[in-house]
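The exercises below ask you to work from the coordinates toward a reasoned reading of strands, salt bridges and cores. Please try each task on the structure before you follow its solution.

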Amino acid sequence: MKIYSYGKQHLEFDDYIEVLKTLKSPFLTCGPKVKEFENAICDYTGAKYCVAVNSATSGLHIAMLAAGVGVGDEVITTPITFLSSANCARFVGADVKFADIIPETANIDPDEIKKHITSKTKAVVPVHFAGQSCDMEAINEILPKDRKIFVIEDAAHAIGSDYKDTKVGSCKYSDMTVFSFHPVKTITTGEGGAVTTNNEELYKKLLAYRSHGMHHTEDWKYDMIELGLNYRITDIQAALGVSQIRKLDKFKKRRREIVDFYNKNLKLPHLIEKEFSNACFHLYPVLVENREKFYHDARKVGLNLQVHYIPVHTQPYYRQFGYNWGDYPNAENYYKKCISLPLYPDLTNKDLQIIIKRLSTVL
Ligand SMILES: *Cc1c(COP(=O)(O)O)cnc(C)c1O
């Protein structure tokens, strides 16, 4: 029986060749492929600057550092996300405040963000859930005008997506955008991530925080100004990224076809795409009544599905700050029923027919 899981990378011969060529080149890291990948991300998204890193988690961390977020500050994000969107605030000693979601998109609700803004709020981290952009204009509108609050998009799901007239990552409505290139995401470098920005000052800080806070002066000399890290991506990974981003529009087309197919052929509640969005969908979550049973029954017929996500505020780590079940009803109701179906470009129409048939036996 062929096993289908909720996501899977797509690599072709030219991807292998790019990696092999880099393995035979003088630079395995700190070489030209990293810059080439960053330029390709800038060209694709329309952002002015890009800093490629070894994961989105690292990208979120240095975005927090570049924004100057620290102890005593508050960062607002959604409970329906992967842990990193909240953890990045904790890495720099800031407090996490959650804002509930809009049920029909599972994206953070701008009105809920507004309720949680205080004099300590230093950053908002909207997450483009399943690939669909948050309403970035609405988020910017509710932010106070008299002081700076950084908007840092967690676009780990959303490379290839559009919001209104822009690509996600253009930073038209934000200070920085963070992407992930983990194999389950839309394009992959094995592990990897990137931060885009249009702000030169933030760009320079991101570069420094990626690599020990070192600023080269002349010859072998350097000054360490910030306390930086080693979050560098290798040229081997960047080579794969250069080759993968060329395929992004093809991936997007197929991902949208699969989402259309599910929308038409399954009678299950699913996310609604808003008029401002043209998403490169990363996930296809549906809502089912008895999720635990559905999960196990699906496994028995070769469907390895996944839950996105356990609300972050209910994690033991976050409960120490006073959070508990009941705090974010929309997020919790969503979580109780959600399960993500297979969505990746390798799925053929025949695979989709098989998946539909198997689903009909477990529903
Ligand atoms: C995958 C993911 C991350 C973390 O990405 P890594 O590259 O694995 O560090 C962060 N945020 C969201 C929403 C994700 O889905």
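Two strands count as paired if DSSP finds at least two bridges between them. Keep in mind throughout that this is a predicted model.

**Exercise 1.** Decide whether strand S7 and S13 pair, and work out which strands stand at the edges of the sheet they belong to.

Solution. Begin with the bridges: strand S7, which covers residues 162-163, and S13 are joined by 2 bridges in the antiparallel sense, and since at least two bridges are required, they pair. As a check on the register, locate Tyr163, which stands opposite Ser277 in S13. Next, place these strands in their sheet, which is open and consists of 3 strands in the order S8-S7-S13, with antiparallel pairing. Strand S8 (166-167) and strand S13 (277-278) each have a single partner strand and therefore stand at the edges, so that one side of each is left without a neighbour in the sheet.

**Exercise 2.** Describe the surroundings of strand S3: which strands does S3 run parallel to, and are the residues on its faces buried or exposed?

Solution. First follow the bridges from S3 (residues 74-77) to strand S4 (residues 95-98), where 4 bridges join the parallel strands, and note that Glu74 has Asp95 as its bridge partner in S4. Then turn to strand S5 (residues 121-125), which is likewise parallel to S3 and joined to it by 4 bridges; here Val75 stands opposite Ala123. The connection between S3 and S4 involves helix H4 (residues 84-91), and the three elements make a right-handed β-α-β unit. Finally, examine the two faces of S3: Glu74 and Ile76 lie on one side, Val75 and Thr77 on the other, and all four are buried, which leaves both faces covered.

**Exercise 3.** For the salt bridges of Lys115 and of Glu218, find the partner and the closest N to O distance, and state how accessible the residues are.

Solution. Lys115 forms a salt bridge with Glu112, and their closest N and O atoms are 2.8 Å apart. Both residues lie in helix H5 (residues 110-116), where a spacing of 3 residues corresponds to about one turn of the helix. Their accessibility differs in class, for Lys115 is exposed at a relative accessible area of 62%, whereas Glu112 is buried at 18%. Glu218, in turn, meets Lys221 in a salt bridge at 3.9 Å, and here Glu218 is partly exposed with a relative accessible area of 46%, as is Lys221 with 32%. To complete the picture, add the salt bridge of Lys167 with Asp162 at 3.0 Å, in which Asp162 counts as buried at 16% relative accessibility. The structure holds 29 salt bridges, and Glu12, Asp14, Asp15, Lys247 and Lys250 are linked in a network of such bridges.

**Exercise 4.** Identify which residues of the largest nonpolar core touch the most other members, and establish which helix gives the most to this core.

Solution. The largest nonpolar core has 51 residues, and within it Phe129, Ile152 and Met176 touch the most other members. Helix H3 (residues 56-66) gives the most to this core, with 7 residues. The core also draws at least three residues from each of domain 1 (4-245) and domain 2 (248-362). For a closer look at Ile152, set aside its neighbours within four places in sequence; its contacts then include Leu60, Ala63, Met64, Val124, Met176 and Val178. A second, separate core has 26 residues, among them Ile258, Phe281, Leu341 and Val362.

Terms used
Residues are numbered from 1 along each chain as its sequence is written. This is a predicted model: local features need pLDDT of at least 70, side-chain atom pairs count only at pLDDT 80 or more; totals for chains, interfaces and linings use all residues. Side-chain values use heavy atoms; hydrogens and water are left out. A salt bridge is a side-chain nitrogen of Lys or Arg within 4 Å of a carboxyl oxygen of Asp or Glu. Buried means under 20% relative accessible area, exposed over 50%, partly exposed in between (1.4 Å probe, protein chains only). A crossover is right-handed if, with the strands pointing away from the viewer, the path from the first strand over the helix to the second runs clockwise. A nonpolar core is a set of buried Ala, Val, Leu, Ile, Met, Phe, Trp, Tyr and Cys residues joined through side-chain atoms within 4.5 Å. Domain bounds come from an automatic or database domain assignment. Contact means heavy atoms within 4.5 Å.
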